[in-house]
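Hi there,

Here is the structure I promised to pass on to you. Please open it next to this email, and I will go through what turned up.

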Amino acid sequence: MCYIYSESFVAETNPVDAPSDNKADHVHDTMQNLDSRPAPYVKDQTQEAAEEERQWEATEVKEADHVPDTMQTPDVPPPTPAKDQFQEELVIRPLHSGDIYASFQFRTMWDTDFLRGSKVSHYRLFPKSLGQVISKFSVRELHISFTQGYWRTMQWGQPFLPSPPGAELWVWFQDTVTDVDGAWKELTNVLSGIFCASLNFIDSTNTVQPSASFKPLGLGNVTDQRFLRYAVLPREIVCTENLTPWKKLLPCGSKAGLAVLMKSEKLFHSSFHSQALHFRPVCQDWKCKSTVWELRQTLNVVFDLHTSGQGKREWSLFKMFSRTLTEACPLASSSKVYVDVTDNPQGELFELSPTTPLLSQAVVLGDRRTYSVYDLTNQATFGQTRSLNMLLRWRAAESGDMLRPLLHGERYVAGYGLQTGEIHTLMYNNHPYRAFPVLLLDTVPWYLRLYIHTLTVTSKGRDNKPSYIHYQPSKDRLRPHLLEMLVQLPPNSVTEVTMQFERALLKWTEYTPDPNHGFYVGSSVISALVPSVVAMDTNSTRECPLFSSFFPCKEESSYFMRVYTEPLLVNLPTPDFSMPYNVICLTCTVVAVGYGSLYNLLTRTFQVEEPSPGLAKRLANIIRRLRGVPLL
């Protein structure tokens with residue numbers, strides 16, 4: 001549920017005559033009048049006095065989108081949206097730790113139908129390189145992310161779109177695909193070339209088919225896990241060569257709009273960096289009679305307070321990105337910058353300049369947040385300097401205490417030696433009185449042989465029996481372990497999942513070039529419907545900020561959340577690779593000395609040579625040769 005406010009425009013609402021929204025009982029009492037349809041604007045002396053103060057009034061972005069289904073009249077249909085659209089957003093959120101969280105959101109809507117076998121030859125805003133790949137391999141949903149660093153949930157809160165460290169890829173294929181494994185292998189190789197990544201190392205040893213964790217995020221009834229593939233490369237390093245092809249998929253590239261801020265030198269000099277791409281089918285209108293394909297590109301980055309070396313709690317666009325905004329993307333229908341001012345209602349924590357009269361409210365992760373909005377399509381936003389450089393200057397030394405996230409997860413390896421060990425997964429439910437179920441997904445490589453009979457789940461010192469368990473054992477050098485569990489988390493508790501394992505001894509050709517560094521195990525995935533503080537909006541077609549409308553919401557009382565734990569670094573029994581080197585050197589020396597001497601004796605020829613004559617004899621022969629006399 002989203003609202004846009006303006007200080008310069010005040011409209012009077014009549015609660016008696018105006019029809020009220022059918023979801024107003026879920027909203028705070030002070031916001032009930034905001035869902036009402038505004039009456040005609042009549043300016044009097046009372047309103048002129050009210051304009052001097054800071055007042056908010058909801059304005060309708062699209063009238064048809066804000067009217068409930070029960071109030072829609074068949075005679076007045078909503079306006080038909082454009083076939084291809086592009087939107088871009090930047091969200092800046094000051095964190096309680098003093099860091100700055102910046103999230104870029106780009107959405108391209110593609111109105112085409114390539115599922116019926118028709119060849120798509122026209123590309124306007126959608127990238128052709130990606131469209132051809134999706135059409136060729138019959139992809140219904142594609143989700144890929146490249147992340148450098150680990151998101152610190154207890155310090156930064158929940159991100160808008162979570163992602164595990166390294167590279168993550170999961171794909172839903174069409175039900176018409178006969179050879180899913182073959183299409184998956186070819187798709188990973190093609191995506192590896194598009195994004196200049198190591199996705200070609202994805203094979204059957206790190207690919208699984210989750211049964212319940214990764215359901216489709218878009219439209220469609222394809223829920224057969226045979227058409228789903230999930231893989232993660234926790235050791236993937238993200239650098240500039242991955243960011244460059246990602247930016248080229250944007251309609252304006254990095255030449256205009258918000259993408260001009262993506263300077264590699266600044267983005268990778270941060271505490272956390274994650275870039276992702278999501279492709280899925282969504283509803284085109286509020287009746288969902290037709291579908292369009294949505295391509296959403298996201299980039300999340302957290303800038304450290306002490307990265308610059310100055311240690312000042314002062315940030316600006318130029319300080320974060322070494323650039324400022326001068327224009328919006330010409331192909332974008334919407335280009336906005338949001339700054340989270342929820343914790344700063346009166347400006348006592350930080351000062352934001354230049355100020356903007358536009359304010360927006362959105363329900364994000366079960367909480368109602370307030371944002372200052374800068375509309376880049378409006379030339380007045382840039383001012384006389386034709387440049388927008390927002391400045392955040394903290395006034396208070398402390399930002400206050402941050403509310404603990406309702407759901408949090410951790411994981412670590414226990415034990416000693418290189419034979420056995422134990423994996424511990426901790427799931428925190430910080431809700432004071434609500435219990436809710438979570439779905440845990442664990443993918444463990446085959447060289448860690450799990451003892452599934454040692455699986456224990458405890459909450460508050462008591463056994464917590466999972467209501468659903470799906471386990472697929474591994475096969476050496478063929479597939480990994482797959483474990484999915486549905487566990488009920490009691491309120492204000494810590495649930496611990498432990499399981500023992502045994503380390504396998506690899507072949508000497510299967511070790512990495514740096515085997516003593518260890519082997520990475522992918523993050524655990526925790527999926528849950530977390531209770532919401534405010535009523536969630538179940539209408540996915542309503543115009544809202546992009547960062548608040550990614551995961552579909554089916555209930556008003558809860559919202560979907562996905563949490564990733566830390567990846568594990570496990571040491572395996574590693575042979576002394578210097579011994580083969582010593583053996584090779586010694587063997588080569590013995591062969592060279594022994595065989596070389598024998599070969600020399602067998603192939604060398606011996607002959608007797610007379611001693612060379614003395615100096616007097618050589619002179620006498622020279623004189624006799626001149627006189628024509630026979631030599632001595």
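Leu439 stands opposite Ser527 in strand 25. Four bridges join strand 18 (436–444) to strand 25 (residues 525–531), and the two run antiparallel. Two strands count as paired if DSSP finds at least two bridges between them. Helices (H or I, at least four residues) and strands (E, at least two) are DSSP runs, numbered from the N terminus.

Before you go on, please note that this is a predicted model: local features need pLDDT of at least 70, side-chain atom pairs count only at pLDDT 80 or more, and totals for chains, interfaces and linings use all residues. Residues are numbered from 1 along each chain as its sequence is written, and side-chain values use heavy atoms, with hydrogens and water left out.

Back to the sheet. Strands 18 and 25 belong to an open sheet of five strands in the order 21-22-18-25-26, with antiparallel pairing. Strand 21 (468–472) and strand 26 (558–564) are its edge strands, each pairing on one side only. From one strand to the next, the twist averages 15° (axes are lines fitted to C-alpha atoms, for helices over the stretch in contact, and angles run from 0 to 180 degrees between N-to-C directions).

Now for strand 9 (291–303). Is strand 9 largely enclosed or open? Of its 13 residues, 12 are buried, so strand 9 is largely enclosed by the rest of the structure. Here buried means under 20% relative accessible area, exposed over 50%, and partly exposed in between (1.4 Å probe, protein chains only). Strand 3 (100–110) pairs with strand 9 in the antiparallel sense over 11 bridges, and Trp110 stands opposite Trp293 in strand 9. Strand 8 (272–283) is joined to strand 9 by 12 bridges, again running antiparallel; Cys283 stands opposite Thr291 in strand 9.

These strands turn up again around helix 6 (residues 240–248), where Asn242, Leu243, Pro245, Trp246 and Lys247 are buried. What covers those buried residues includes strands 3, 8 and 9, along with helix 5 (180–195) and helix 7 (264–267); contact means heavy atoms within 4.5 Å.

Next, the second largest pocket. How much space lies in it? About 870 Å³, where a volume is the space filled by probe spheres set on grid points, which are joined across faces, edges and corners. On a 1 Å grid over the protein atoms alone, a pocket is an open set of points where a 1.4 Å probe fits, with protein on both sides within 12 Å along at least five of seven lines; lining residues have an atom within 4 Å of a point. This pocket is lined by 24 residues, and Phe201, Asn206, Leu233, Tyr447 and Thr512 lie nearest its centre. Strand 24 (519–521) gives the largest share of the lining, three residues.

Finally, some local details in loops:

- Ser353 and Pro354 are joined by a cis peptide bond, with omega about -5°. Pro354 sits in the loop between strand 12 (350–353) and strand 13 (358–364).
- Ser138 has phi near 55°, a positive value in a residue other than glycine. At 22% relative accessibility, Ser138 counts as partly exposed.
- Arg477, in the loop between strand 21 and strand 22 (481–489), has phi near 65°.

Happy exploring!
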